[in-house]
Amino acid sequence: MIRFLFDRDTWQEVYDSMSKNKLRTVITMIGVWWGILLLIGLLGSARGMENSFNRLFGSFATNSVFVWGQSTSKPFKGFQEGKRVTLTLSDAKKVEENVEGIEFVVPRNQNSSLVVRNFLSGNFGIAGDFPLLDQVQKKKLLHGRFINQSDIDNKRKVAVISEDVYKQLFEKDEYAIGELIQINNSNYSVIGIFDVGNVNMGPSDDIHIPFSTFQQIYNQGENIGWIMITGKPEYDIKQIEEDAKLMLKNLNRIHPEDKRAFGSFNLGNEFGKLTGFLKGMQFLTWFVGIATLIAGVFAIGNILLITVKERTKEIGVRRALGATPFEIKRQIVVEAVFLTLIAGLFGILTGGWILIALDSAFGQGPDATLVNASVSILVVFIALLVLVTLGTLIGLIPAFKATSIKPIEALREE
Amino acid sequence: MLKISQLHKSYPIGDSSLHVLKGIDLEVESGEMVAIMGSSGSGKSTLLNIIGMLDEADSGDYILDGVPIKNLTEKKAAIYRNKFLGFIFQSFNLINYKNALENVALPLYYQGLKRRERQEKGKFHLKKVGLLDWAHHLPSELSGGQKQRVAIARALAADPKLLLADEPTGALDTTTSYEIMEFLQQLNDEGKTILIVTHEEDIAEMCKRVVRLRDGVIMEDKKVNQVRASQYV
């Protein structure tokens, strides 16, 4: 068998029978070529999208939920409906201590204020934050540092500003770290500049100041705007959300079935939908690709059937000259495998080119829609293996057809 | 060389069956040149096909060179055909996308010979039929007579014990027919056993023995004085 594969005549035969019908051969190969091209192209793009999502959310704890207070909709324990609900630091602490599966609870405050520097000014969102925020929502710092514990302890008047704020309040190329800006008429020194990035959850944060400083300046006391809860990876964020809300209702004397008392946005849930969508897309890709491949392989089986029919007499002559049925079958199967393999290799090659083209069109820069759109070697290998197997199986049909006719009948054929 | 006794063969036609060969007894010695004659439907082609192991008899014995030919698998039949028999067809049956040399070398391919050996042997036989200069021409570039000579070279390539020719001159004009017969006579002179199916009297007379079939039985089996084809050429 090995010798057969390296025999020049074997390939001469394959070449001859294919070149006799160039157009048909090419059209048939297009089926397989198209199938594998689709598979590679789509899988690569899906991977690219997944990569780009991962990059976008990479700095963000996706397994998280935001909770804020609203107004009650049910009377409870002597309170009328419509009571304002405000979260407090002790609420946050109790939630963190008692709800199962929580990784962090990040209390946050936000306000909007006029910010002035020399003759430049603007209205920006000011957030009072703990250093912890940097862990759940990684800040991409261009210069300086984020708020640290000592800032909190000393209620320092320091600010971490976004790049946009910097652009509005500072001259181009001016060194901002250590400079003073005025927020609500009090001076803060800039300690860091961060890049906003692509994904922002909640209201836009332009300037972060220490939580304790915010408390004092805006006279917030224990009150907080909202909390961000991140769950441990192995816990279901929806369950955490429910548990936390129930606990908060208890602490604030709100009817347990009051649905409006707390507003929330479950990022984990939304993100889950997104990854589910990606998974579905990948499945669809496989399905479409494999189905097209199978259709292509069947087309090859079909063309070989016709070829065999046309060559009935030739096959009869060969058998009269001493070709065994096995030798005839072997030749036809080799043809089938060769056709599928060549078409498949072309498909992989062009699929690769398409991915390269996609990468240069959509994959450049930090905001790329497709990041590293690629297909693993393993997938390519599996695809080739599937091709060869299918090619062999489909080749068996015409092969048996060719030898099912008796040589005497084959010779009579005109 | 070849011994056939009480050979029967019938083909099913719808519900009934057509009895084509009704008990054929035939013995051919080595070195003979036998013409099998008969009108169409006399069973001469069926007989040749059975001798050529392309078809199988319903009953009766067939011994070729001491080997009983019976209940052969397709594989075994293929190997025997390759080893014992050379076929010459009326319509030449050359493979149209292979050149003369490749056509001649084809039986050697199925014998498992190496490429170089095949080329050498193929050239040798092409030279024998006088077509070495045409070795790399496709069948479509050859005349009818040349094609049949290539086919003869192909039949000879595997050095068979028996040459079977089914109306070898059926598709050729008279002059070319005689050329081919002259060549077959030469081969016979060299000792090849040749069986020719024909319905042309002049071709039959160029053999050494004529067997006449009618309705599936042998009517006549006689030695004839061979007419040398060379005198017509």
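**Exercise 1. Find the partners of β8(B) and work out how enclosed this strand is.**

Start with pairing. Strand β3 of chain B, residues 33-37, runs parallel to β8(B), and five bridges hold the pair together. To get the register, look up B:A35: its bridge partner in β8(B) is B:I196. Keep in mind as you go that this is a predicted model.

Next, take strand β7 of chain B, residues 162-166. Five bridges join β7(B) to β8(B), again in the parallel sense. Here the register can be read from B:L163, whose bridge partner in β8(B) is B:I194.

Now ask how the chain gets from β7(B) to β8(B). Helix α6 of chain B, residues 174-189, makes up a β-α-β unit with these two strands, and the unit is right-handed.

Last step: the faces. In a regular strand, side chains alternate between the two faces of the sheet. Sorting β8(B) that way puts B:T193, B:L195 and B:V197 on one side and B:I194, B:I196 and B:T198 on the other, and all of them are buried. That is six of six residues in the strand (193-198), so β8(B) is largely enclosed by the rest of the structure.

**Exercise 2. Do the same for β6(B): which residues lie on each side, and what does the strand pair with?**

Split strand β6 of chain B, residues 85-88, by face. B:L85 and B:F87 go to one side, B:G86 and B:I88 to the other; each of these is buried, leaving both faces covered.

Then look for the neighbour. β6(B) pairs with β7(B) over four bridges, in parallel fashion. One handy register point is B:F87, which has B:L164 as its bridge partner in β7(B).

**Exercise 3. Which residues have the most contacts inside the largest nonpolar core, and what does B:A35 touch?**

The largest nonpolar core counts 111 residues, and the ones with the most contacts inside it are A:I36, A:I300, B:A35, B:I36, B:I88, B:L164 and B:L195. Which element gives the largest share? That would be helix α3 of chain A, residues 22-57, with eleven residues. There's also a second, separate core of 48 residues, with A:V115, A:F130, A:I183 and A:I224 among its members.

Now zoom in on B:A35. Leaving out residues up to four places away in sequence, B:A35 touches B:I196, B:T198, B:I203, B:A204, B:C207, B:V210 and B:V211. You've already met B:I196 as the bridge partner of B:A35.

**Exercise 4. Lay out the open sheet of chain B and place α1(B) on it.**

First, the order: β2-β1-β4-β5, four strands of chain B with antiparallel pairing. The edges are β2 (16-28) and β5 (67-68) of chain B, each pairing on one side only. At the β5(B) end, two bridges join β5(B) to strand β4 of chain B, residues 59-64, and the two run antiparallel. Across that pair, B:L64 stands opposite B:V67.

Now add the helix. α1(B) packs on the sheet and touches β1 (2-13), β2 and β4 of chain B, with its direction at about 65 degrees to that of β2(B).

Is α1(B) buried or exposed? Go along the helix: B:K44, B:S45, B:T46, B:L47, B:L48, B:N49, B:I50 and B:I51 are buried. With eight of eight residues (44-51) buried, α1(B) is largely enclosed by the rest of the structure.

**Exercise 5. Compare the settings of two positive phi values, at B:M53 and A:R253.**

Begin with B:M53, a residue other than glycine with phi near 60 degrees. B:M53 comes just after α1(B), in the loop between α1 and β4 of chain B. To classify B:M53, count neighbours: 23 other C-beta atoms lie within 10 Å, so B:M53 is buried.

Over in chain A, A:R253 has phi near 55 degrees and is found in the loop between α9 (237-251) and β12 (262-266). The count for A:R253 is 13 C-beta neighbours inside 10 Å, so A:R253 is partly exposed.

**Exercise 6. Describe the side of chain A that touches chain B.**

Count first: 18 residues of chain A are in contact with 19 of chain B. On the chain A side, the elements giving two or more residues are α2 (8-19), α11 (312-320), α12 (325-362) and α14 (407-412). α11(A) gives the most, with four. By type, this side of chain A divides into nine nonpolar, two polar and seven charged residues.

Note on methods:
Residues are numbered from 1 along each chain as its sequence is written. Chains are lettered from A and ligands numbered from 1 in the order in which they are written. This is a predicted model: local features need pLDDT of at least 70, side-chain atom pairs count only at pLDDT 80 or more; totals for chains, interfaces and linings use all residues. A residue is buried if 20 or more other C-beta atoms lie within 10 Å of its own, exposed if 12 or fewer, and partly exposed in between; C-beta atoms are placed from the backbone. Two strands pair if DSSP finds at least two bridges between them. A crossover is right-handed if, with the strands pointing away from the viewer, the path from the first strand over the helix to the second runs clockwise. A nonpolar core is a set of buried Ala, Val, Leu, Ile, Met, Phe, Trp, Tyr and Cys residues joined through C-beta atoms within 7 Å. Two residues are in contact if their C-beta atoms, placed from the backbone, lie within 7 Å. Ala, Val, Leu, Ile, Met, Phe, Trp, Tyr, Cys and Pro count as nonpolar, Asp, Glu, Lys and Arg as charged, and the others, Gly among them, as polar. Axes are lines fitted to C-alpha atoms, for helices over the stretch in contact, and angles run from 0 to 180 degrees between N-to-C directions.
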